[in-house]
Amino acid sequence: MRLRDSIITVALLLVISGTAMLGCGGRPSLANMTADQLYEAGLKHYNEEKYLQSIDYFQAIVFNYPGESVVDTAQYYLALSYLG
């Protein structure tokens, strides 16, 4: 009976570990993206009604690229994302 319990415990730990590893892929680093790439990704998420994800991209533009021409539009979509 103890061997069976040990096997079940190890199997459960492997399943839990594997599940945790699957979630580690993540999205690309926002710091390595240009303002245009951030805008396109944010707009894609906005159009898919993934508003919480689009907020991250539009916020990154507003905070990190204040002189870019896309900032005004990003602020607009940031507000719409919060509204959504």
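Me: Which residues of α2 meet which residues of α4?
Reply: In this predicted model, Tyr39, Leu43 and Tyr46 of α2 meet Thr73, Tyr77, Leu80 and Ser81 of α4. By class, the contact of α2 with α4 comprises five nonpolar and two polar residues, with no charged residues.

Me: At what angle do α2 and α4 pack, and how far apart are their axes?
Reply: The angle is about 30°, and the axes of α2 and α4 are 11 Å apart. Because angles under 35 degrees count as roughly parallel, α2 is described as roughly parallel to α4.

Me: Is the crossing of α2 and α4 left-handed or right-handed?
Reply: The α2 and α4 helices cross in a left-handed sense.

Me: How is a pair of aromatic rings described?
Reply: Two quantities serve: the distance of the centres and the angle of the planes. Here, a search of the whole structure finds six aromatic pairs. In one of them, Tyr39 and Tyr77 lie 6.3 Å apart, centre to centre, with 65° between the planes. Planes over 60 degrees apart count as edge-to-face, so the pair of Tyr39 and Tyr77 is edge-to-face.

Me: Which parts does the pair of Tyr39 and Tyr77 tie together?
Reply: Tyr39 belongs to helix α2 (residues 35–47) and Tyr77 to helix α4 (residues 71–83), so the pair ties together parts that are 38 residues apart in sequence.

Me: Is Tyr39 buried or exposed?
Reply: Tyr39 has a relative accessible area of 14%. Buried means under 20%, so Tyr39 is buried.

Me: Which residues form one aromatic cluster with Tyr39 and Tyr77?
Reply: The cluster joins Tyr39 and Tyr77 with Tyr46, Tyr51, Phe58 and Tyr76.

Definitions and conventions
Residues are numbered from 1 along each chain as its sequence is written. This is a predicted model: local features need pLDDT of at least 70, side-chain atom pairs count only at pLDDT 80 or more; totals for chains, interfaces and linings use all residues. Side-chain values use heavy atoms; hydrogens and water are left out. Rings of Phe, Tyr and Trp (its six-membered ring) pair if their centres lie within 6.5 Å; planes under 30 degrees apart count as stacked, over 60 as edge-to-face and the rest as tilted. Helices (H or I, at least four residues) and strands (E, at least two) are DSSP runs, numbered from the N terminus. Buried means under 20% relative accessible area, exposed over 50%, partly exposed in between (1.4 Å probe, protein chains only). Axes are lines fitted to C-alpha atoms, for helices over the stretch in contact, and angles run from 0 to 180 degrees between N-to-C directions. Angles under 35 degrees count as roughly parallel, over 145 as roughly antiparallel, 65 to 115 as roughly perpendicular and the rest as oblique. A crossing is left-handed if the near helix is turned anticlockwise from the far one by less than a right angle, and right-handed if clockwise. Contact means heavy atoms within 4.5 Å. Ala, Val, Leu, Ile, Met, Phe, Trp, Tyr, Cys and Pro count as nonpolar, Asp, Glu, Lys and Arg as charged, and the others, Gly among them, as polar.
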